[in-house]
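Please open the model in a viewer that can select residues by number and draw strands as arrows. The tour below proceeds from one selection to the next.

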Amino acid sequence: MLHSGPSLNGTQMNCSGGPMPWGSWVTCEETVNGPDVGNDFSGGDNTKLREKHGYIFEVPIDAAASARPIRSAGRFAHESAAFDPLSGAIYLTEDNFAFASGFYRYLPPSNPLKSGRIDDGGRLQMLAVRGAPNKDLSAGQPAGASYDVTWVDIDDPDPAFSGTPSNEVAIQAVGKQGRDQGAALFSRLEGAVHHHGVIYFVSTQGGATATGDTPPSGFGKGRGQVWAYETWSKRLRLVYESPGSMVLDLPDNITTSPKGALVLCEDGGDGNYLRGLTRRGEIFDFARLEPVAGDSGAEFAGSTFGPGGRTLYVNIQSGKGLSFAIWGPWHRGGF
């Protein structure tokens with residue numbers, strides 16, 4: 001029997017999030033709006049808000065959520081969440097459009113695989129490159145770049161502001177704590193996924209500006225990077241950097257195929273693509289989104305393979321959102 005019902009409300013600007021293996025979903029607020037900060041780009045009146053925003057929430061797949069934010073996992077522009085079952089850590093990306101973003105991990109006080117939930121009260125940490133404080137990883141990287149990393153603690157993951165600072169100041173408050181300790185700089189970290197001990201994540205505007213391309217607005221002047229953090233070796237490596245917008249244009253959400261290839265949803269212009277990135281580092285086109293009349297911002301958004309890997313589900317983020325189910329035969333292609 002099919003049924004539907006509300007699982008969570010009262011949140012703001014929820015973005016990618018991520019599935020958890022004990023049967024829940026983590027949803028991520030991509031904002032720090034609240035009555036204690038100034039208005040953001042949307043023009044809404046923050047004085048009308050009763051609660052602070054900028055948190056992650058856990059949503060059980062078969063029940064309503066508690067609607068309690070996990071405050072120790074930080075108050076910043078959250079995008080995605082990916083769980084590492086060996087360590088119990090939840091890796092978090094930050095999509096801070098106009099400013100540097102960070103790559104985080106939340107260490108709950110108990111392993112969620114044992115407790116069946118994500119408990120508040122843990123530690124939030126931010127990635128730094130060992131021996132290279134404030135390494136700017138948003139800039140163009142050499143092919144195959146690889147770095148040893150360390151993690152710095154965020155002492156105040158849930159700042160409360162006085163004096164109503166601007167939204168631009170507030171949205172950098174958590175990341176600034178990490179950067180003051182040498183954390184690395186990224187550009188717009190969006191999709192993230194766990195696959196065989198590796199956290200793959202996307203830097204949407206990372207990389208160098210290619211000849212003939214116009215730098216995008218916001219922090220980061222490239223057309224996209226794909227990074228991989230190996231949880232067992234504690235190394236960060238560059239999987240792919242876009243050589244230009246015609247090859248890969250602002251990747252956003254990400255998932256893995258049964259073959260281990262990456263599915264990249266573009267957030268560029270003039271007809272976004274759903275592209276694949278093989279384990280050999282080869283990129284290919286899979287589908288093109290025809291521009292939507294009257295909605296220039298329409299884009300591929302969340303994608304995931306269903307149980308058994310037979311069906312690829314893809315969303316279109318648009319004024320009139322759509323979801324597609326795509327069947328194989330996957331054994332004859334890159335996915």
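Select Gly18 and Val26: Val26, in strand E2, is the bridge partner of Gly18. The model in view is a predicted one. Extend the selection to the whole of E1 and E2, which run antiparallel and are joined by three bridges. These two strands form a hairpin with three residues between them. In its turn, select Gly23, which has a positive phi of about 100°.

Next, add strand E3. Strand E2, residues 24-28, pairs with E3 in the antiparallel sense, over five bridges. Two of the partnerships can be picked out by residue: Trp25 has Val59 in E3 as its bridge partner, and Ser24 has Pro60 in E3. With the three strands displayed together, the view shows an open sheet in the order E1-E2-E3, with antiparallel pairing. Strand E1 (18-20) and strand E3 (56-60) stand at the edges; each has a single partner strand, so one side of each is left without a neighbour in the sheet. On average, neighbouring strands of this sheet are turned by 30° against each other, direction ignored. Colour E2 by accessibility: four of its five residues are buried, and the strand is thus mostly covered.

Now turn to the second sheet. Select E13, E14, E15 and E16, four strands that form an open sheet in that order, with antiparallel pairing. Which strands stand at the edges here? They are strand E13 (251-256) and strand E16 (283-288), each with a single partner strand, so one side of each lacks a neighbour in the sheet. Neighbouring strands of this sheet are turned by 25° against each other on average, direction ignored. Zoom in on strand E15, residues 273-277, which runs antiparallel to E16 and is joined to it by five bridges. Within this pair, select Arg275 and its bridge partner in E16, Asp285.

The last part of the tour concerns charged side chains. Side chains of opposite charge can pair when their charged atoms come close. The structure holds 15 salt bridges.

Begin with Asp95 and Arg188, whose side chains meet in a salt bridge at 2.9 Å, N to O. This pair links distant parts of the chain, 93 residues apart. Asp95 lies in the loop between strand E5 (89-94) and strand E6 (103-107), whereas Arg188 lies in the loop between helix H3 (173-179) and strand E9 (189-195). Are these two residues buried or exposed? Asp95 counts as buried because its relative accessibility is 4%, and Arg188, at 8%, counts as buried as well.

Move on to Asp119 and Arg117, which form a salt bridge of 2.8 Å, N to O, through their side chains. Asp119 is buried at 16% relative accessibility, while Arg117 is partly exposed at 44%.

Then select Lys176 and Asp180, where the side chains meet in a salt bridge of 3.0 Å, N to O. Lys176 is partly exposed, with a relative accessible area of 47%, and Asp180 counts as exposed at 56% relative accessibility.

For the final stop, select Lys52, Arg71 and Asp158 together: salt bridges that share partners join these residues into one network.

Key
Residues numbered from 1 in each chain as written. Predicted model: local features only at pLDDT ≥ 70, side-chain atom pairs only at ≥ 80, totals over all residues. Heavy atoms only, no water. Pairing = 2+ DSSP bridges. Axes fitted to C-alpha atoms, helices over the stretch in contact; angles between N-to-C directions. Salt bridge = Lys/Arg side-chain N within 4 Å of Asp/Glu carboxyl O. Buried < 20%, exposed > 50% of the residue type's maximum accessible area, 1.4 Å probe, protein only.
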